[in-house]
Amino acid sequence: MTSNAKPPRPQRRRWLLIAVPAACVIVAIVALASWLWSLDGIVRAQFEGKRWAVPATVYARPLELYPGLAIDSVGLAEELRALEYRQVPLAPEPGTWHRQGALHLLHTRSFPHWEGAERSARIRVRIDDGRITQLTGADDGAPLALARTDAARIGHIYPGHTEDRLLLRLDEMPPLLLAALIAVEDSEFLSHGGVSFASTVRAARANLRARRVVQGGSTITQQLVKNFYLTDERTLRRKVREAAMAILLERRYSKNEIIETYINEVYLAQDLERAIHGFGLASQHLFGAPLDQLPVEHQALLVAIINGPSFYNPRRHPERALARRNLVLQIMADELLLDAAAAARARAQPLGVIPAAEARRRQHPAFMDLVQRDLARDYSPDDLQGEGLRIFTTLAPSAQAAAEDAITAALAAQAPGLQAAAVLADPSSGEVLAVVGGREPGFAGFNRALDARRPVGSLIKPAVYLAALQQPARFTLGTLLDDAPLRLEERSGRVWEPRNFDRLFRGDVLLVDALAHSLNVPTIRLGMDIGLDAVAQAVAGLGAPQPAQLFPSYLIGSGELVPIEVAQMYQTLATGGFHTPLRAVRAVTLQDGTRVTRYPLSTTQAFDPAAVHLVTAGLVSAMSEGTGRAAYARLPADLLVAGKTGTTDDTRDSWFAGYGENLLGVVWVGRDDNTSTGLTGATGALPIWVETMRRLRPRPLMLDPPGDIETVWIDAVTGQRSAEGCEGARLLPYARGHAPETRSECGSLSENGTRRSLSEWLQGIFR
Amino acid sequence: MNPIMTREPTLAARRRCAGLAMALLVLLTAGCAAAPSPATTPSSTTQTSTPPSAQPPAAPPSPRPETPAASPAVTALSEQAAVASAAGDHDGAATLLERALRVEPRNAELWHALAMTRLQTDDAQQAEQLALRSNGLAGDRAELRRRNWLLIAEARSRRGDAAGSQLAREQALNIDAGR
């Protein structure tokens with residue numbers, strides 16, 4: 001190197017001979033390093049993102065059991081199903097129950113409710129004729145005033161993405177399932193460094209022999225890495241990347257962290273458009289039971305389908321799934337995870353997969369949607385992230401099931417394009433008990449209960465009558481309204497000649513009958529008389545949004561509302577004029593139980609109780625003798641309810657809204673493309689409402705009149721004061737001091753007995 | 001929805017609540033007297049004469065002769081609410097009363113007791129509304145209606161509505177004690 005005799009050129013070349021490859025190597029190393037560095041970044045971001053997003057857990061309301069509670073065995077079973085209680089004779093442990101005729105033995109789990117912990121208890125519940133008649137401690141037989149179950153977990157809220165998961169910690173994973181998983185998917189998991197050449201070779205050989213992919217050569221770590229990508233591309237480049245990322249992952253994280261993420265991340269099934277990831281959710285989806293309650297053969301099936309969730313889909317390809325499951329059981333026996341007898345017993349078992357429709361029953365996407373929107377008012381998406389918040393909602397699983405079943409059954413007989421939505425609420429507290437967003441309730445899609453903005457038709461009429469009855473000196477239930485042809489000229493010069501639904505005109509009708517029979521023409525006259533603004537004000541007072549512009553057609557429901565807004569309006573009617581905002585959330589706590597937010601009951605008197613009472617009386621008449629009377633073909637005659645049908649032009653929308661004492665329901669039936677359904681409120685929505693009420697058995701309306709209501713006999717034709725026993729006499733409630741003074745001929749003969757108790761009035765309408 | 005963010009009440013706030021509760025107790029006791037005259041009805045001086053180390057606040061009312069018998073579930077919950085209230089946990093009491101109201105939504109005594117908890121947690125607006133709701137369900141129970149009107153009078157006076165408070169007090173006095 002030091003010789004000057006050599007010419008400089010070759011020397012330079014020799015230097016180049018070393019320098020170029022060296023530079024190449026350096027560049028390659030730098031490139032590799034930066035590639036690895038970038039991969040490492042992806043690995044970390046993806047892994048942390050998957051791992052540390054602790055979701056908020058959402059709970060249904062717990063079931064409060066007390067003597068007198070209206071619940072039948074079906075409803076109780078729905079509640080316990082949501083709670084994932086198992087039926088075991090004697091209910092020996094928490095989370096089990098047993099039924100013997102009218103007696104139900106429940107072993108509740110201890111549970112940290114937001115307002116205090118409840119201890120596990122074994123209780124005996126006797127149900128007779130849809131009501132709890134006896135509640136006793138199962139061990140000492142002592143009568144109980146009240147018992148409370150744990151709260152069913154109904155879902156999770158994940159910031160950032162909408163996939164549902166049931167996250168499990170490693171220590172919540174059944175050890176046998178974990179061992180089987182490793183034995184079948186990656187037997188060297190505990191020793192390899194991310195990739196396993198031995199298993200890759202073994203898999204390649206097996207696949208060659210079978211001439212198709214029977215064995216995946218990927219380690220669990222590699223499979224996890226594969227999940228970081230959205231596509232399932234199969235190129236060599238991708239394989240190399242994945243292998244590198246698997247090695248990086250193993251260097252960064254412990255085996256425990258990797259397997260814990262895997263069990264929550266692995267793709268196991270598809271439910272319509274919803275991908276089922278993780279063992280927790282898959283267990284619920286396939287077996288309707290929590291993972292820790294699965295027998296060996298179910299655990300084996302979960303491990304079996306990892307290899308090809310679509311190919312081994314146990315609902316679509318039960319034979320394949322069964323064969324693969326039994327292969328897994330064989331491997332488990334070979335690896336001494338099971339003794340031979342247990343393996344043989346498990347092999348003899350059927351797959352035990354529940355139907356997909358039943359699995360979807362556990363999903364309440366429409367209600368969850370409402371919860372998320374309610375929470376969005378107080379929390380940013382980030383607040384819900386990473387905290388592991390516990391969200392206690394108002395969902396009543398038995399009410400949700402009743403509404404879903406009623407809609408599913410009613411629409412099964414109808415054309416496929418027909419849709420429906422329902423909202424159930426407890427009017428007194430404003431708690432939303434159930435939300436159904438479409439004919440496939442388990443399917444998250446367009447949430448019609450919250451988003452289908454449709455003309456409400458006659459559902460608006462109670463607001464018109466309320467606005468009128470607020471002026472008791474001018475309007476009473478016995479006021480005569482004019483039901484003669486009407487011609488209205490709009491400012492634009494267009495002429496509107498509204499008609500009644502049956503296209504008949506009746507001359508003079510009592511105000512109560514115009515409401516009960518939902519007559520358009522007298523309602524429009526009445527609304528024009530008191531003014532559109534007064535009606536819009538009543539609508540606002542009831543809690544629904546007002547329209548931007550008011551037209552006379554608003555009086556018969558051209559204004560559009562979504563079902564939950566209708567529910568809010570009727571909530572205010574159902575509580576005698578006390579507006580109580582509908583709520584879906586009771587409280588939010590941190591994971592450790594520290595209370596973050598409570599949503600207390602709040603109420604505001606929006607109307608004079610007497611006026612609202614008269615409207616409810618009119619809506620009771622609608623049910624007993626008006627447009628809703630078909631309800632009593634199915635409802636018990638003593639179940640006094642108030643309600644209103646609604647039908648829009650060309651029968652595009654079929655509505656029903658109504659309430660008993662402690663249950664309010666709004667049902668909409670229509671089509672997403674807004675075409676005709678051929679159904680009226682009475683033929684479309686009403687039967688669904690009736691079926692829901694029939695199952696849930698609300699308490700009948702009490703209709704105690706406020707202090708300033710009196711009931712008097714009037715003449716049904718003239719509206720004049722009459723008396724009991726007179727021909728055409730009717731008993732109607734009036735705001736005190738506003739009953740008619742002028743007496744009919746018969747009425748003036750019998751001065752006495754004109755005032756009657758309310759119960760007599762009720763008997764009158766059920767004559 | 002109207003969230004209540006939970007926070008630790010300050011000592012001063014607790015004292016104020018206790019003081020207020022005591023004043024209410026006095027007020028209600030006066031309201032329950034057979035024939036209250038204007039002279040014996042305490043004025044709306046809520047925070048003056050009561051020492052800070054006051055007795056436990058007024059518990060939700062115990063059943064009275066004119067009150068229809070509540071179910072065992074409601075009785076159990078209202079008793080717990082009374083205990084919570086006595087310990088100064090008015091929000092806890094409200095929670096229990098809301099549970100009881102889900103069992104018996106037309107129980108006017110429960111609405112009254114809930115109104116009381118709102119007054120004690122400085123929510124005079126809701127206290128008044130809940131008392132109005134209690135009145136709507138009270139029927140001809142004169143004694144309960146009088147207590148509601150006195151509570152409303154107190155709530156209005158706390159919101160600085162002296163005239164409204166006076167009107168409510170007159171309503172209370174006008175209720176025929178014999179009914």
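1. Let's start where the two chains meet. Chain B and chain A bury about 3,000 Å² between them, and 53% of that area lies on carbon and sulfur atoms. Please keep in mind that this is a predicted model. On the residue level, chain A brings 36 residues to the contact and chain B brings 27.

2. Next, look at the charged and polar pairs. Six salt bridges are found across the interface of chain B and chain A. One to find on your screen pairs Arg106(B) with Glu661(A), where the closest N and O atoms are 3.1 Å apart. The interface also holds 14 residue pairs in polar contact, with both residues at pLDDT 80 or more.

3. Which parts of chain B supply at least two residues each to the side that touches chain A? They are strand E1 (4–5) and the helices H2 (72–86), H3 (90–103), H4 (108–120) and H5 (124–137). H3(B) gives the largest share of that side, with seven residues. Sorted by type, the residues of chain B that touch chain A comprise 14 nonpolar, six polar and seven charged ones.

4. Now for the cysteines. A disulfide is a covalent bond between the sulfur atoms of two cysteines. How many disulfides does a search of the whole structure find? There is one over all chains, and it joins Cys726(A) to Cys746(A), with an S to S distance of 1.8 Å. The link of Cys726(A) and Cys746(A) is left-handed, with -85° about the S-S bond.

5. Where do the two partners sit? Cys726(A) is in the loop between strand E30 (709–715) and strand E31 (729–735) of chain A, while Cys746(A) belongs to helix H23 (residues 745–749), so the disulfide ties together parts that are 20 residues apart in sequence. Cys726(A) counts as buried because its relative accessible area, 8%, is under 20%. Cys746(A), at 32% relative accessibility, is partly exposed. Another cysteine, Cys24(A), is also partly exposed, with a relative accessible area of 46%.

6. Finally, have a look at the backbone of the loop between strand E3 (86–87) and strand E4 (96–100) of chain A, where Leu90(A) is found. Phi of Leu90(A) is near 75°, a positive value in a residue other than glycine. Ala91(A) lies in the loop between E3 and E4 as well, and its phi is positive too, at about 45°, although Ala91(A) is not a glycine. Are these residues buried or exposed? Leu90(A) is exposed, with a relative accessible area of 59%, whereas Ala91(A) is buried, at 0% relative accessibility.

How values were computed
Residues are numbered from 1 along each chain as its sequence is written. Chains are lettered from A and ligands numbered from 1 in the order in which they are written. This is a predicted model: local features need pLDDT of at least 70, side-chain atom pairs count only at pLDDT 80 or more; totals for chains, interfaces and linings use all residues. Side-chain values use heavy atoms; hydrogens and water are left out. Contact means heavy atoms within 4.5 Å. Buried area is the accessible area (1.4 Å probe) that two parts lose on being put together, summed over both. A salt bridge is a side-chain nitrogen of Lys or Arg within 4 Å of a carboxyl oxygen of Asp or Glu. A polar contact is a pair of N or O atoms within 3.5 Å; within protein, one must be able to donate a hydrogen and the other to accept it, and residues adjacent in sequence count only if both atoms are side-chain atoms. Helices (H or I, at least four residues) and strands (E, at least two) are DSSP runs, numbered from the N terminus. Ala, Val, Leu, Ile, Met, Phe, Trp, Tyr, Cys and Pro count as nonpolar, Asp, Glu, Lys and Arg as charged, and the others, Gly among them, as polar. A disulfide is a pair of cysteine sulfur atoms within 2.5 Å. Buried means under 20% relative accessible area, exposed over 50%, partly exposed in between (1.4 Å probe, protein chains only).
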